[in-house]
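Please open the structure in a viewer and keep the selection tool at hand. The tour proceeds stop by stop, each stop giving a selection and a description of what is found there.

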Amino acid sequence: GFEPQVGDDYKELILIIPFVQSLSGVYWHNYVVRIYLDDYWAMKGGNDWYGYRKVLADFFETAAAPQFTVKHLGVDKFESTIDNLGPVFSDSQAVGQLPNYQDMKLIFKMPILGTLTQYPGDPYVCSYFDFRFANAQIQQMRSQHEFKSEFVPYMSDWVALGLITSTVDAAWRIEGMNWRL
């Protein structure tokens, strides 16, 4: 019964890679590369218990463009502009009318693989989210984004890509989605 609140609303930028499988495993996971956020307690709990590789960052938003920038220790990490927002749909409407939306929901159901860096050998830990879309409002959109600097070592190829535009039918703005870990 009791669902504790993590804290006040906070901002997060989550970089996960879907469809990761361990060498000895048979199940697909989403792997957490890095999460930038602006809430200390959400960072601490996410790292200590779930290995989410969370790091405190600053978020800067402009409403006029819908644009946001993420900085860590004064270094630009990520920038995104959102445009071409489509009509607002309920979850059931989006499933029927937005191509690939149902596939995205299936990716969200995969377990999340984190790394517990505070233990020798950096063991992996698996967690599950229960995403609840019943009250969600979904809009198809286009995102133009850029990795300004590496989130973790060996991301220089991602940074070298420069400005990236989301593919057609592959980006959504979701508000009002509840979740439970």
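The stops below cover nonpolar cores, aromatic pairs, a helix and salt bridges. Please bear in mind throughout that this is a predicted model.

**Stop 1: the nonpolar cores**

Begin by selecting L13, Y36, V70, F151 and M155, the residues with the most contacts inside the largest nonpolar core, which has 15 residues. Next, colour the strands β1 (12–20) and β2 (29–37), each of which supplies at least two residues of this core. Of the contributing elements, β2 gives the most, with 3 residues.

Now centre the view on M155. Which residues is M155 in contact with, leaving aside its neighbours within four places in sequence? They are L15, V33, F147 and E150.

For the other core, select F89, A94, M104 and A136. These belong to a second, separate core of 9 residues. M104 will return at a later stop, in helix α3.

**Stop 2: two aromatic pairs**

The whole structure contains 18 aromatic pairs. Two of them are visited here.

Select Y101 and F133 and display their rings. The ring centres are 6.4 Å apart and the planes stand at 85°, so this pair is edge-to-face. Y101 belongs to helix α3 (residues 101–109), whereas F133 sits in the loop between β10 (130–132) and β11 (137–140), so the pair ties together parts that are 32 residues apart in sequence. Are these two rings buried or exposed? Y101 is buried, at a relative accessible area of 0%, and F133 also counts as buried, at 8%.

Move on to F147 and W158. Here the ring centres are 5.2 Å apart and the planes are at 65°, so this pair, too, is edge-to-face. F147 lies in strand β12 (residues 142–147) and W158 in helix α4 (residues 156–160), 11 residues apart, and the pair thus links distant parts of the chain. F147 counts as buried at 8% relative accessibility, while W158 is partly exposed at 31%. F147 has already appeared on this tour, as a contact of M155.

**Stop 3: the aromatic cluster and charges over rings**

Extend the selection to W49, Y50, Y52, Y101, F108, F129, F131, F133, W172 and W179. Ring pairs link these residues into a cluster.

Keep F133 in view and add K105, which lies over the face of F133, at 4.7 Å from the ring centre. Another such arrangement appears on selecting K71 and F60: K71 lies over the face of F60, at 5.9 Å from the ring centre.

**Stop 4: helix α3**

Select helix α3 and show its side chains. Which residues of α3 are buried? They are Y101, M104 and K105. These residues cover an arc of only 100° around the axis, which puts them on the same side of α3. To see what covers them, display α2, β11 and β14 (172–175), which are among the covering elements.

**Stop 5: salt bridges**

The structure holds 10 salt bridges. Three individual pairs and one network are shown here.

- Select E12 and K54. Their side chains meet in a salt bridge, with N to O at 2.9 Å. E12 lies in strand β1 and K54 in strand β3 (residues 54–56), so the pair ties together parts that are 42 residues apart in sequence. E12 is partly exposed at 31% relative accessibility, whereas K54 is buried at 10%.
- Select R142 and D83. The closest N and O atoms of this salt bridge are 2.5 Å apart. R142 lies in strand β12 and D83 in strand β6 (residues 75–83), so parts that are 59 residues apart in sequence are tied together. R142 is partly exposed, with a relative accessible area of 28%, and D83 is partly exposed, at 23%.
- Select K105 and D91. This salt bridge has an N to O distance of 3.0 Å. It links K105 in helix α3 with D91 in helix α2 (residues 91–97), 14 residues apart. K105 counts as buried at 13% relative accessibility, and D91 counts as buried at 14%.

Finally, select D130, R132 and R180, which are linked in a network of salt bridges.

Notes
Residues are numbered from 1 along each chain as its sequence is written. This is a predicted model: local features need pLDDT of at least 70, side-chain atom pairs count only at pLDDT 80 or more; totals for chains, interfaces and linings use all residues. Side-chain values use heavy atoms; hydrogens and water are left out. A nonpolar core is a set of buried Ala, Val, Leu, Ile, Met, Phe, Trp, Tyr and Cys residues joined through side-chain atoms within 4.5 Å. Buried means under 20% relative accessible area, exposed over 50%, partly exposed in between (1.4 Å probe, protein chains only). Helices (H or I, at least four residues) and strands (E, at least two) are DSSP runs, numbered from the N terminus. Contact means heavy atoms within 4.5 Å. Rings of Phe, Tyr and Trp (its six-membered ring) pair if their centres lie within 6.5 Å; planes under 30 degrees apart count as stacked, over 60 as edge-to-face and the rest as tilted. A charge sits over a ring if NZ of Lys or CZ of Arg is within 6 Å of the ring centre and within 35 degrees of the ring normal. A salt bridge is a side-chain nitrogen of Lys or Arg within 4 Å of a carboxyl oxygen of Asp or Glu. The arc is that of the directions from the helix axis to the C-beta atoms.
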